[in-house]
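Subject: Structure handover

Hello,

The structure we discussed is below. My notes follow it.

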Amino acid sequence: MLRNLLALRQIGQRTISTASRRHFKNKVPEKQKLFQEDDEIPLYLKGGVADALLYRATMILTVGGKAFGMFEGTAYAIYELAVASFPKKQE
């Protein structure tokens, strides 16, 4: 039992280490140059194909959601007018 607790403690120390085992290249200067260029490309599209796809998906969902909301509201209003136009039966 004690051996299991010691092993668990070692695993916990290994996985929550703040020391970096890999050295990553600093890409910030490259990105700064890319985003600060004056090349008439909008900032939200300078990230490449991934940014363009995300932008288009957002626009499709926004416009589609707005159109669906307008359709839903119109359909509900017509339904309520139809219900209100017929009197309820007296029992």
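Which side chain meets that of D39 in a salt bridge? The partner is K46, with an N to O distance of 3.3 Å. Please keep in mind that this is a predicted model. The two residues fall into separate burial classes: D39 has a relative accessible area of 32% and is partly exposed, while K46, at 10%, counts as buried. K46 is placed in that class because the cut-off for buried is under 20% relative accessible area.

The count of salt bridges comes to two. One of them is the D39 and K46 pair just described. K25 and E30 also form a salt bridge, and their closest N and O atoms are 3.0 Å apart. Here K25 is exposed, at 61% relative accessibility, and E30 is partly exposed, at 44%.

On the overall layout: the chain has three helices and zero strands, so the order of elements from the N terminus is α-α-α. Of its 91 residues, 1% are buried. The accessible surface of the chain is about 9,300 Å², and carbon and sulfur atoms account for 64% of that.

There is also a nonpolar patch on the surface, made up of Y44, Y55 and M59. Together these residues have about 290 Å² of accessible area. Y44 sits in the loop between α2 (28-36) and α3 (49-85). With a relative accessibility of 46%, Y44 is classed as partly exposed.

Regards

Methods:
Residues numbered from 1 in each chain as written. Predicted model: local features only at pLDDT ≥ 70, side-chain atom pairs only at ≥ 80, totals over all residues. Heavy atoms only, no water. Helix = DSSP H or I, 4+ residues; strand = E, 2+ residues; numbered from the N terminus. Buried < 20%, exposed > 50% of the residue type's maximum accessible area, 1.4 Å probe, protein only. Areas by Shrake-Rupley, 256 points an atom, 1.4 Å probe, with all protein chains shown as cover. Patch = residues over 30% accessible without salt bridge, like charges linked within 9 Å, V, L, I, M, F, W, Y side chains within 5 Å. Salt bridge = Lys/Arg side-chain N within 4 Å of Asp/Glu carboxyl O.
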